[in-house]
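Trainee: Please take me closely through one part of this model, the pairing of its strands, and then connect that part with whatever else deserves a careful look.

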Amino acid sequence: MAKFGLSQPVRRVEDPRLLQGHGRYTDDISAAGQAYGVVLRSPHAHARILSIDTAPALAVPGVLAAITGADMQADGLGEVPCVIPLKNSDGTPRAQTPRLALATDTVRHVGDPVAFVVAETPEAARDGAEAILVDYDTLPATTDLATAREAGAPLVWPGVPNNICFDWDAGDKARADALFAQAAHVTKLTIVNNRVVVASMEARAALAEYDAARNHWTLTTNTQGSWLLRQLLGDVVFKLPQSHFRVVTPDVGGGFGMKLYLYAEHVMVCHAARKLNRPVKWVSARTEAFVADTHGRDNITAGELALDKDGNFLALRTTNYAGMGAYLSTFAPFIPTGAGTKVLASVYKFQAIHAHVLGVLTNTTPVDAYRGAGRPESNYLVERLIDAAARETGRDRIALRRQNMVPSSAMPYVSAIGQRYDSGEFARLMDAALEKIDWAGFEARRAASAKQGRKRGIGLAYYLEATGGSATENAKVVFAEDGFVDVYVGTQSTGQGHETAYAMLTNHELGIPMEKIRVRQGDSETLPDGGGTGGARSLYSEGQAILVTTASVVEKGKMAAGEVLEAAVADIEFARGSFSVAGTDRGIGILDLAATQRARVAKGDSAILLDTQETAEIKSHTFPNGCHVAEVEIDPDTGLITIPRYIVVDDVGHALNPLIVRGQVHGGVAQGIGQAMLERTAYDPDSGQLLSASFMDYALPRAEDLPDIDVDLVSVPCETNPLGVKGAGEAGAVGSPPALINAIVDALSVAGVKHIDMPATPEIVWKALATAKAA
């Protein structure tokens, strides 16, 4: 495999292990003497807890403990925190939603944890949880984002009027208002970005082991970064130095943002392990995951687009009601504010933007980052607005986009919302997508579908992503005794192919055969810190850390080679995995050099080892972008939609491994199709029950729902990192919903339908056609 360089479609090195069943996930791991935990959850969306009687649970054979929130408070445990200290527009702090691992006086959504039962077997733990007697006084609940802020709506938290937990804005309001006042045309559109259940293939799980002699925990759990959990468990919950916690993340079967956070169950197993002085394991059931894992999206946004008489974009104004659920999750307030608004300008030359974001509490499962985290919501609004403006003004939707795109000659370009784009050739990518799908020939295809009684539509969306994450990243290279090279990283793969990408990069820099490289991740004790995976940050952040670390390895290697080859360091050269003395045939391979130095140290000699750990500063983020074009065909008798063609042309900068990038885009598009056409999170307005709490009622996309997804990559290298890469992991989910809904509206527009919200299920589409026909 060493013959492959960068930019090659190298097959993923981790796949044989995973496909052959040799993956090691949290639920595969057991500790000697472990007990099993089950969470008792609230059946009510809103209720006071009058009493909790755990005695019946303790009487169940095999039950070891029945822990309540009062028990945790008595032991001095802190809250499960939200780490975003957001300020309102008037400078006051956002509302507080103090969240204990186990509720003590009030439950605020169905699934809110009330007690934690630990037993010798999972069956005994379940029986114990069912035996607990909780006396609830049910309270009125609000589950509808659209009405939660209205006068008279039940309050999720006392002291939070109208359920508005923050009121925040960004941009230049005065300038935007002035431009709207002089606009020749204003397009207004209110859109729903529907709440989604993440439903990762692997459910959450946690195993805590406690060493009483050291007052030290080892928590094994499926995360997107072990270091954040270590920090929050130590600093906030248990109020101990972080060194008292080791967090280990094995293989992870999907995360999509949902596994970034510290959850109540992490606290429960750690507390129970200390209380019982034995390992405690918890594994989520699938229906439990529907109400206990964070959800995604859940926005209602009113957008306004101002144009001059020639169709030039003047300004954009948005008011976004962002559902937060019952508690502010770890990063929740940041998603619709700092994350979402920074891409509102997208690829267009707005003169001003003003964004107003209101966080809305409801008696529902908390909402936090989901693939794209705020950026899909903003891109969806902008692209839907542009299509609506084109229809209203009689302009061609492609020409309208083209004339308002930032030209490549303007790079670097500072957007109306203050983001500095280092690179981008937006019109070039759009033209490539239009040519690839044969946009010019679409009307003939529409006519052919019409002859068969079907409505065909075509939709385009240009998206701009903005990656994020920690300002530093770490890497360590260790030359192991067995002849392999271990590369320790601070990010966490949840299925993206990190092991392959990092091995390719290490191979390129050090010349070590890929089959000799092992990527190590997920153990908080292997590196001083790690930024984890989220915000499509992994390759451009960890890649920079690997670059600085391998550069240090080479410098150490030159000094070590000078010792072994008895030459001045200035005369040592390094190329293709070997050190040599300039102008001679004397040299030594890097693996042999590492082994030689280890052997010298083992004998007690002084020698320079090649092992190195470095920290990279991540000074700039990246702006991946691209064009999605979808064709849909609709059966008007049933409302059923099929997608005969789907095209993506993406700029992710320098694609380190195009095969992996295309796979990431495919996955993102699949999730976007799910949100746009299938996935509906439905709560009963009276009881607050989640009606779509299983795969019987919640429709994830299946293979038959997905088209062939044709992905082309156009490389416009990023100017702000040495690899030239732009984050690719989330982009597919950003461009797909607006492309699909624009295509669906285009198909339905001949029948008089001008707007439809996600999810465009067959029922919703059929009703829209019937309503338009009746009108």
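Mentor: Two strands are said to pair here if DSSP finds at least two bridges between them. With that rule in hand, and keeping in mind that this is a predicted model, we can begin with an open sheet of five strands, whose order is 7-17-16-15-8 and whose pairing is mixed. Its edge strands are strand 7 (164–171) and strand 8 (185–193), each of which pairs on one side only, and the twist from one strand to the next averages 10 degrees. Strand 8 is joined to strand 15 (residues 299–307) by nine bridges, and these two strands run antiparallel. Within that pairing, Leu189 stands opposite Gly303 of strand 15.

Strand 17 (352–361) is another member of this sheet, and the loop between strand 17 and helix 10 (375–393) holds Ala373. That residue is not a glycine, yet it has a positive phi of about 50 degrees, and with a relative accessible area of 8% it is buried. Ala199 can be read alongside it: this alanine, too, has a positive phi, of about 55 degrees, and it is found in the loop between strand 9 (196–197) and strand 10 (205–211). Its relative accessible area is 18%, and since the cut-off for buried is under 20%, Ala199 counts as buried.

A second place to study pairing is strand 28 (residues 625–635), where 11 of the 11 residues are buried, so the strand is largely enclosed by the rest of the structure. The burial concerns both faces: on one side lie Asn625, Cys627, Val629, Glu631, Glu633 and Asp635, and on the other Gly626, His628, Ala630, Val632 and Ile634, all of them buried. Strand 28 has an antiparallel partner in strand 20 (residues 455–464), to which 10 bridges join it, and in that pairing His628 of strand 28 is the bridge partner of Ala461. Strand 28 also pairs in the antiparallel sense with strand 29 (residues 640–651), over 10 bridges; there, Ile634 stands opposite Ile641 of strand 29. The hairpin that strand 28 and strand 29 make has four residues between the strands, and in it Gly639 takes a positive phi near 80 degrees.

From the strands we can turn to the rings. A pair of aromatic rings is described by the distance of the centres and the angle of the planes. The count of such pairs comes to 16. One of them is the edge-to-face pair of Phe290 and Tyr698, with 5.8 Å from centre to centre and 80 degrees between the planes. Phe290 belongs to helix 8 (residues 286–292) and Tyr698 to the loop between helix 17 (658–677) and strand 30 (709–713), so that distant parts of the chain, 408 residues apart, are linked by this pair. Phe290 and Tyr698 are both buried. A further pair, Tyr421 with Phe623, is tilted, at 5.0 Å centre to centre and 55 degrees between the planes. Tyr421 lies in strand 19 (residues 420–421), while Phe623 lies in the loop between strand 27 (612–617) and strand 28, so the pair ties together parts that are 202 residues apart in sequence, and it brings us back to the neighbourhood of strand 28 in the chain. Tyr421 is buried at a relative accessible area of 1%, and Phe623 counts as buried at 6%. Elsewhere, Tyr210, Trp217, Phe238 and Phe245 form one aromatic cluster.

Rings also meet charged side chains in this model. The charged end of Arg149 sits over the ring of Tyr321, 3.5 Å from the ring centre, and the charged end of Lys476 sits over the ring of Tyr488, 4.9 Å from the centre of that ring.

Among the helices, helix 15 (residues 538–565) and helix 16 (residues 590–602) have axes that come within 10 Å and cross at roughly 65 degrees; the two helices are therefore roughly perpendicular to each other, and their crossing is left-handed.

Two details of the backbone complete this reading. A cis peptide bond with omega of about -5 degrees joins Met411 and Pro412, the proline being found in the loop between helix 11 (397–404) and strand 18 (413–414). Another cis peptide bond joins Met758 and Pro759, with omega of about -5 degrees, and Pro759 is found in the loop between helix 18 (731–749) and helix 19 (762–774).

Notes:
Residues numbered from 1 in each chain as written. Predicted model: local features only at pLDDT ≥ 70, side-chain atom pairs only at ≥ 80, totals over all residues. Heavy atoms only, no water. Buried < 20%, exposed > 50% of the residue type's maximum accessible area, 1.4 Å probe, protein only. Phe/Tyr/Trp six-rings, centres within 6.5 Å; stacked < 30°, edge-to-face > 60°. Lys NZ or Arg CZ within 6 Å of the ring centre and 35° of its normal. Axes fitted to C-alpha atoms, helices over the stretch in contact; angles between N-to-C directions. Parallel < 35°, antiparallel > 145°, perpendicular 65-115°, else oblique. Left-handed = near helix turned anticlockwise from the far one by under 90°.
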